[in-house]
Number of protein chains: 2
Amino acid sequence: MSSQLQSNSHHKVRESLRERIESSEWKLGELIPTEVDLAKEYGCARTTINRALQALADEGILIRKRKGGTRVCPIPIRQAKLSIPILREQVEAIGSEYSHQLVGRKIAAPSQSIRQNLKIDDGDSAFYAETIHFADHRPFAYEERWVNLKTVPEIENETDFDLLSINEWLIKTVPFSSGEVSFSAHKATERTAKALQTDIGAALFLVDRTTWMNGKFITTMKLYYREGYRLSTTI
Amino acid sequence: MSSQLQSNSHHKVRESLRERIESSEWKLGELIPTEVDLAKEYGCARTTINRALQALADEGILIRKRKGGTRVCPIPIRQAKLSIPILREQVEAIGSEYSHQLVGRKIAAPSQSIRQNLKIDDGDSAFYAETIHFADHRPFAYEERWVNLKTVPEIENETDFDLLSINEWLIKTVPFSSGEVSFSAHKATERTAKALQTDIGAALFLVDRTTWMNGKFITTMKLYYREGYRLSTTI
DNA sequence: TAGTGGTCTAGACCACTCA
DNA sequence: GAGTGGTCTAGACCACTAT
């Protein structure tokens with residue numbers, strides 16, 4: 001124990017190990033040395049090696065098993081971590097002015113697929129709203145949203161969605177919900193094309209999202225982005 | 001110290017804290033107790049609390065600063081972790097039979113935007129290939145790929161892309177590269193529609209990906225998925 | 001059953017940054 | 001300057017599982 005590693009050692013160890021993996025010092029599926037051995041090699045505590053290895057396992061680069069040891073992942077699956085910001089942030093991040101407009105709002109009985117998403121019964125009604133989001137007063141995204149009145153009844157009395165969009169209001173109200181998202185491509189229909197001021201048949205990027213908290217379903221929405229929108233990240 | 005927490009304590013502490021955050025015990029942007037205080041409250045070592053808090057900070061739920069303390073993230077940004085599997089796995093995961101067909105292959109000088117992606121000079125040539133990926137013999141995705149011959153020269157002599165698609169071959173050859181991905185929607189052109197046996201103008205899901213290793217650019221590709229494809233994850 | 005990773009602890013020192 | 005999180009260590013015991 002000794003010498004060259006003093007601070008941030010587990011980061012350094014992790015990067016060192018990453019390089020050794022990337023350089024194919026250990027091949028796909030191959031066993032790498034045990035924690036104890038690596039600790040000796042790097043001259044640090046086993047805990048430090050453990051943290052580094054766990055981080056790499058989290059990234060999907062290593063597979064670890066008690067008694068089985070640690071292996072380089074035989075099927076490297078790329079993990080992309082993508083953050084889904086609020087639309088306002090997204091628009092303001094590109095230096096544009098954000099605004100939005102509520103174009104429809106009602107209490108109604110949703111279709112069966114929506115009822116399934118929100119786990120509500122046949123005949124139950126829910127809150128529905130359509131919002132157009134603008135960047136510099138040009139349509140940017142179009143949102144269709146259903147909100148479960150059983151979990152968020154107070155939305156019925158919320159009249160002022162001028163300052164805060166429904167999404168922002170929900171985030172303040174039920175901040176840390178979990179959810180499911182899916183991305184797909186969608187041909188603009190008459191309705192979506194009109195809302196986004198684009199052509200029928202345009203290829204829109206569609207984000208479909210359902211949100212719940214403590215097992216109670218809160219909201220489900222479809223968000224159609226204008227042509228040209230890209231969702232980017234690194235892997 | 002004592003009593004009820006023995007195993008996996010940092011997981012349990014993490015989930016307990018997560019619930020307290022989700023239930024708004026601490027509001028958005030609010031300071032939560034220090035590690036020392038939480039350690040007292042939970043009756044465990046500070047290290048254990050530290051691991052739990054770091055994990056929540058990694059998820060973007062907490063923001064931590066030395067001396068500043070730990071706060072609930074004031075702007076909850078959803079973090080989706082999505083894994084991008086190899087096409088073969090993707091197809092086989094839904095119980096279909098995977099196959100692929102190389103429909104074009106050449107060494108040529110790419111367009112300027114591709115040259116930029118691969119950081120190669122004007123006039124330099126690169127390896128190009130088009131592949132159609134099938135699920136149960138029906139077109140599933142269409143791939144246009146450029147490979148940098150300066151970093152992966154051996155691909156020029158690789159003749160057999162029947163068993164292994166180019167993607168799989170690259171993963172075996174340069175397993176743990178990093179990269180940039182973007183997702184968007186794209187109207188099918190004559191070329192892409194023909195490859196995917198669909199209609200011109202169909203809304204295709206497009207994955208654009210550029211990959212490098214140790215600062216050397218390896219490959220850039222566009223992958224067009226058939227209509228109906230969805231990329232899903234949880235947040 | 002033995003070997004590996006998973007976790008906890010108590011204490012220590014450091015790095016940052018707020019007031 | 002003082003309070004907070006970031007990290008390291010050495011040792012311990014436990015949980016899992018390959019052999």
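## Around DNA strand D

Helix 1 (9-22) and helix 3 of chain A each give at least two residues to the surface near DNA strand D, as do helix 3, strand 2 (62-65) and strand 3 (69-72) of chain B. Here, near means that a heavy atom of the residue lies within 4 Å of the strand. Helices (H or I, at least four residues) and strands (E, at least two) are DSSP runs, numbered from the N terminus. This is a predicted model, in which local features need pLDDT of at least 70, side-chain atom pairs count only at pLDDT 80 or more, and totals for chains, interfaces and linings use all residues. Residues are numbered from 1 along each chain as its sequence is written, chains are lettered from A and ligands numbered from 1 in the order in which they are written, and side-chain values use heavy atoms, with hydrogens and water left out.

Which residues come nearest to DNA strand D? Of the 25 around it, they are S9(A), H10(A), R46(B), R64(B) and K67(B). Sugar and phosphate make up 68% of the atoms of DNA strand D that come within 4 Å of the protein. By class, this surface has three nonpolar, 12 polar and 10 charged residues. Ala, Val, Leu, Ile, Met, Phe, Trp, Tyr, Cys and Pro count as nonpolar; Asp, Glu, Lys and Arg count as charged; the others, Gly among them, count as polar.

Phosphate oxygens of DNA strand D have partners in both chains. A polar backbone atom of A45(A) is 2.8 Å from one phosphate oxygen. A backbone N or O atom of E35(B) lies 3.1 Å from a phosphate oxygen. For T70(B), an N or O atom in the side chain is 3.3 Å from a phosphate oxygen.

## Around DNA strand C

DNA strand C is surrounded by 25 residues, and the closest are R46(A), R64(A), K67(A), S9(B) and H10(B). Of the atoms of DNA strand C within 4 Å of the protein, sugar and phosphate account for 68%. Chain A supplies at least two residues to the nearby surface from each of helix 3 (46-58), strand 2 (62-65) and strand 3 (69-72). Chain B does so from helix 1 (9-22) and helix 3 (46-58). Three nonpolar, 12 polar and 10 charged residues form this surface.

Some side chains reach the bases. An N or O atom in the side chain of R46(A) is 2.5 Å from a base oxygen of DNA strand C. Polar side-chain atoms of T47(B) and R66(B) lie 3.4 Å and 3.3 Å from a base nitrogen.

## Two copies

A rotation of 180°, with 0.0 Å of shift along its axis, superposes chain A on chain B with an RMSD of 0.1 Å. That is the relation of a two-fold axis. The fit is by least squares on C-alpha atoms of residues with pLDDT of at least 70 in both copies.

Why do the copies meet through the same surface? Because 98% of the interface residues of chain A are also interface residues in chain B.

## Domains of chain A

Chain A has domain 1 (9-72) and domain 2 (87-225), with bounds from an automatic or database domain assignment. Their centres, taken over C-alpha atoms, are 44 Å apart.

## A closer look at H137(B)

H137(B) sits in the loop between strand 6 (126-135) and strand 7 (138-147) of chain B. Is H137(B) buried or exposed? H137(B) is exposed, with a relative accessible area of 55%. Buried means under 20%, exposed over 50%, and partly exposed in between (1.4 Å probe, protein chains only).

Leaving aside neighbours within four places in sequence, H137(B) is in contact (heavy atoms within 4.5 Å) with E97(B) and S99(B). The side chains of H137(B) and E97(B) make a polar contact at 3.4 Å. Such a contact is a pair of N or O atoms within 3.5 Å; within protein, one must be able to donate a hydrogen and the other to accept it, and residues adjacent in sequence count only if both atoms are side-chain atoms.
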